[in-house]
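Here are a few exercises for working through a structure by hand. Keep the viewer open, try each task, then check your steps against the solution.

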Amino acid sequence: MDMNTIEAVVRTADPAQWREGDAWLAGGTVLFSAGSPGPGQEPLRRLLDLGFTDWTPLAVSAAGIELAATCTIAQLYAFPDSDAGRGLAGDWPGVELVRPCCESFVASFKVWTMSTVGGNLCTSLPAGPMISLCAALDGTATILGPGGARRTLPVLEFVTGDGTNALAPGELLRSVSLPAAALSSRVAFRRLSLSNLGRSAVLLIGRLDAGGSLVLTVTSATKRPVQLRLTSSAAALADALSASLDAAIPDELYHDDVHGLPAWRKDMTYRLAHEIRAELTAPAGRDPLRVSGDFWPPRGKPLSAGSRTEEA
């Protein structure tokens, strides 16, 4: 939290007030933990604080779900058990992805109550689970710019690489819209890490759309999100899936860090992709969403934000 170059904290959500040396501040869990910029980087002079905004964290309509950039992980995690969330369970199976993605933070309640959906997207790390959730559900980001400018961009295009995104200087992520068409799909979730309670090294989410198309979104294993859409018959899908992965993800796109070598991430991507294919092309059952990972609780006993103090 060594940020001794900060001269002012300005409460604003107006991109017109942004200037060189500013940083947008939402939850601040990454900004404060990173401290001052390293050698050769311009020091931060001001923080533009979004904490005062009255943006509704999560809004539901017939069109889908609107997530404010300032929606915290704790607020999002609570949604499936809220009156609105329980009412959507039958029509929007995609809501079942919310909790596995939140749990992929593997963080304490202190982080959950401060870290935001928008902050996770803007940090743009390969393991960002809000990137996984929003990209897999065909999320669209609304971006505000100076002079009242406003533009939209698919989350799949918003994150461009390891720690990089499509925001121009001064632009602000306002919200992410998750469309009803994607939320109404059958879904499957897989996650792997090299260590217990470790950072996600491979995270795949699959959807079976109403038209029968398999939509597979690969994150964590790759430097940016990659999505495949396959319309092959179930019998031909196994070969089509491997060939599509070959074409969509060159070897250099697989992420390389202490949480997993590229070759391992690639192997696990193919393995989990075929698990998802088999699950979603099988007849639909009544079992709850199946997840894989290194820290999932027994079925029927979901983790809660308050219990994570002992978990992380």
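**Exercise 1.** Which residues does Ser-175 touch, not counting residues up to four places away in sequence?

*Solution.* Keep in mind that this is a predicted model.

- Step 1: find the residue. Ser-175 belongs to strand 10, which covers residues 172–179.
- Step 2: list the neighbours. With residues up to four places away left out, Ser-175 touches Glu-66, Leu-67, Ala-68, Ala-69, Thr-140, Ala-141 and Thr-142.
- Step 3: look for a polar partner. The side chains of Ser-175 and Glu-66 are joined by a polar contact of 2.7 Å.
- Step 4: check the burial. Ser-175 has a relative accessibility of 3%, so it counts as buried, the cut-off being under 20%.

**Exercise 2.** Find the partner of Asp-81 in a salt bridge, and say which parts of the chain the pair links.

*Solution.*

- Step 1: pick the partner. Asp-81 meets Arg-99 through their side chains, at 3.4 Å from N to O, which fits the 4 Å limit for a salt bridge.
- Step 2: place both ends. Asp-81 sits in the loop between helix 2 (73–78) and helix 3 (83–88), while Arg-99 is in helix 4 (residues 98–103), so the two are distant parts of the chain, 18 residues apart.
- Step 3: compare the surroundings. Asp-81 is partly exposed at 45% relative accessible area, whereas Arg-99 counts as buried at 17%.
- Step 4: look at what else Arg-99 does. Arg-99 also lies over the face of Tyr-77, 4.2 Å from the ring centre.

**Exercise 3.** How many aromatic pairs does a search of the whole structure find, and what is the geometry between the rings?

*Solution.*

- Step 1: count. The search turns up one aromatic pair.
- Step 2: describe the pair. Tyr-77 and Trp-112 are 4.8 Å apart from centre to centre, with 55° between the planes, which makes the pair tilted.
- Step 3: see what the pair connects. Tyr-77 is in helix 2 and Trp-112 in helix 5 (residues 109–112), so parts 35 residues apart in sequence are tied together.
- Step 4: check the burial. Tyr-77 counts as buried at 4% relative accessibility, and Trp-112 is buried at 0%.

For another charge over a ring, go to Arg-174: it lies over the face of Trp-55, 4.0 Å from the ring centre.

**Exercise 4.** The structure holds 14 salt bridges. Take Arg-229 and Asp-251, and work out which residue each one pairs with.

*Solution.*

- Step 1: start with Arg-229. Its salt bridge is with Asp-138, the closest N and O atoms being 2.9 Å apart. Arg-229 is in strand 14 (residues 226–230) and Asp-138 in the loop between helix 7 (129–136) and strand 6 (140–145), 91 residues apart.
- Step 2: add accessibility. Both ends are partly exposed, Arg-229 at 48% and Asp-138 at 23%.
- Step 3: move on to Asp-251. The partner here is Lys-266, with the closest N and O atoms 2.8 Å apart. Asp-251 is in the loop between helix 10 (234–248) and helix 11 (262–281), and Lys-266 is in helix 11, so the pair ties together parts 15 residues apart in sequence.
- Step 4: add accessibility again. Asp-251 is partly exposed at 48%, and Lys-266 is partly exposed at 25%.
- Step 5: look for shared partners. Asp-138, Arg-207, Asp-209 and Arg-229 are joined into one network by salt bridges that share partners.

**Exercise 5.** What is the sign of phi at Ser-124 and at Asp-138?

*Solution.*

- Step 1: recall the background. Most residues other than glycine have a negative phi.
- Step 2: read the angles. Phi of Ser-124 is positive, near 60°, and Asp-138 also has a positive phi, about 55°.
- Step 3: place them. Ser-124 is in the loop between helix 6 (117–123) and helix 7, and Asp-138 is in the loop between helix 7 and strand 6.
- Step 4: check the burial. Ser-124 is buried at 0% relative accessible area, while Asp-138 is partly exposed at 23%.

**Exercise 6.** Why does Cys-71 form no disulfide?

*Solution.*

- Step 1: find the closest cysteine sulfur. For Cys-71 it is in Cys-102, 8.2 Å away, which is too far for a bond, since a disulfide needs sulfur atoms within 2.5 Å.
- Step 2: repeat for Cys-134. The closest cysteine sulfur is in Cys-101, at 8.5 Å, again too far for a bond.
- Step 3: check the burial. Cys-71 is buried at 1%, and Cys-134 counts as buried at 0%.
- Step 4: give the total. The count of disulfides is zero.

Terms used. Residues are numbered from 1 along each chain as its sequence is written. This is a predicted model: local features need pLDDT of at least 70, side-chain atom pairs count only at pLDDT 80 or more; totals for chains, interfaces and linings use all residues. Side-chain values use heavy atoms; hydrogens and water are left out. Helices (H or I, at least four residues) and strands (E, at least two) are DSSP runs, numbered from the N terminus. Buried means under 20% relative accessible area, exposed over 50%, partly exposed in between (1.4 Å probe, protein chains only). A polar contact is a pair of N or O atoms within 3.5 Å; within protein, one must be able to donate a hydrogen and the other to accept it, and residues adjacent in sequence count only if both atoms are side-chain atoms. Contact means heavy atoms within 4.5 Å. Rings of Phe, Tyr and Trp (its six-membered ring) pair if their centres lie within 6.5 Å; planes under 30 degrees apart count as stacked, over 60 as edge-to-face and the rest as tilted. A charge sits over a ring if NZ of Lys or CZ of Arg is within 6 Å of the ring centre and within 35 degrees of the ring normal.
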